[in-house]
Amino acid sequence: MRHLLFLHLLGASVWVGGHLVLLFSVLPGALKRRDVQPVRAFEQLYERVGIPALLVQIVTGVWLAGKWLPHSQWFSDSPIAHLVQGKLILLAFTAVLGVHARLAIIPKLDAQRLPQLGVHIVLITLTAVAFAWVGTGFRFGGLF
Ligand code: HEM
């Protein structure tokens with residue numbers, strides 16, 4: 001259990017940290033210079049640890065959730081079930097944002113579409129932070 005939580009926290013550091021760096025350090029410079037290159041360069045470097053980190057989050061997260069609540073109760077009406085549902089909704093949102101970025105934004109990315117990518121980066125970062133916030137709820141019995 002502790003090893004699972006350790007891996008989950010390690011993956012969370014990479015996923016949340018990487019997106020915060022992208023949002024606050026890489027994106028502002030790219031927008032100012034109207035240059036997509038820094039974003040592309042970051043994504044290429046980050047991908048190698050970011051995607052495995054997300055996969056680790058899914059595997060360890062589903063495993064941990066199973067320890068908190070049997071799968072049969074994941075969709076019931078209790079504070080812990082609501083947290084599991086929250087995680088799954090955030091995961092679905094992450095997947096939609098990821099697919100949309102891959103298929104609709106990144107292939108045609110140019111200076112004009114940079115603000116659109118910026119909105120996307122804000123949303124994915126907020127989602128990442130929300131993942132961590134919902135996660136802390138398990139030990140405190142609810143979302144707030
Ligand atoms: C990038 C995605 C994710 C991030 C950043 C994230 C982050 C976190 C954080 C910071 C915690 C707090 C750990 C603690 O209580 O000490 C946590 C807990 C937890 N997360 Fe996630 N999480 C992610 C994805 C998921 C997914 C997909 C699931 C699956 C349903 C999940 C299930 C859980 C569970 C069950 C806990 C409670 C662990 C415990 O305290 O024993 N997480 N998460």
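**A tour of the four helices and the iron site**

Start by selecting Glu47, Leu54, Ile58, Ala65 and Trp68 in α2, then add Ile80, Val84, Leu91, Thr94 and Arg102 in α3: these two sets of side chains meet each other. Colour them by character and you'll get seven nonpolar residues, one polar and two charged. Bear in mind as you click around that this is a predicted model.

Now show the two helices themselves, residues 37-68 for α2 and residues 79-105 for α3. Their axes sit 11 Å apart, at an angle of about 160 degrees. Anything over 145 degrees counts as roughly antiparallel, so that is how α2 runs relative to α3. The crossing of this pair is left-handed.

Zoom out for a moment. How many helices and strands does the protein have? Four helices and zero strands, so a cartoon view from the N terminus on reads simply α-α-α-α. Along its principal axes, the C-alpha trace spans about 50 × 30 × 25 Å.

Next stop, the other helix pair. Select α1 and α4 (residues 114-140); their axes come within 10 Å and cross at roughly 155 degrees. This pair is therefore roughly antiparallel too, and the crossing of α1 and α4 is left-handed. To see what fills the contact, pick residues from each side. On α1, try Leu5, Trp15, Val16, His19 and Leu20, among others. On α4, the partners include Leu114, Pro115, Gly118, Ile121 and Arg139. Colour the whole contact by character and it divides into 16 nonpolar residues, three polar and one charged.

Finally, go to the ligand and centre on its iron atom. Which protein atoms are donors to the iron? Select NE2 of His8 and NZ of Lys87, lying 2.0 Å from the metal. With the angle tool on, go round the six donor atoms: the angles run from 82 to 179 degrees, which makes the arrangement octahedral. For comparison, the ideal angles for six octahedral donors are 90 or 180 degrees.

Before you leave the iron, trace the backbone out from each protein donor. His8 takes you into α1 (residues 2-33), while Lys87 takes you into α3, so the pair ties together parts that are 79 residues apart in sequence. That brings you back to α3, the helix whose Ile80, Val84 and Leu91 are among the residues that meet α2.

Technical notes. Residues numbered from 1 in each chain as written. Predicted model: local features only at pLDDT ≥ 70, side-chain atom pairs only at ≥ 80, totals over all residues. Heavy atoms only, no water. Axes fitted to C-alpha atoms, helices over the stretch in contact; angles between N-to-C directions. Parallel < 35°, antiparallel > 145°, perpendicular 65-115°, else oblique. Left-handed = near helix turned anticlockwise from the far one by under 90°. Contact = heavy atoms within 4.5 Å. Nonpolar A, V, L, I, M, F, W, Y, C, P; charged D, E, K, R; others polar. Donors = N, O, S within 2.8 Å, 3.2 Å for Na, K, Ca; no water. Tetrahedral: all angles 85-135°; square planar, octahedral: opposite > 155°, others 65-115°.
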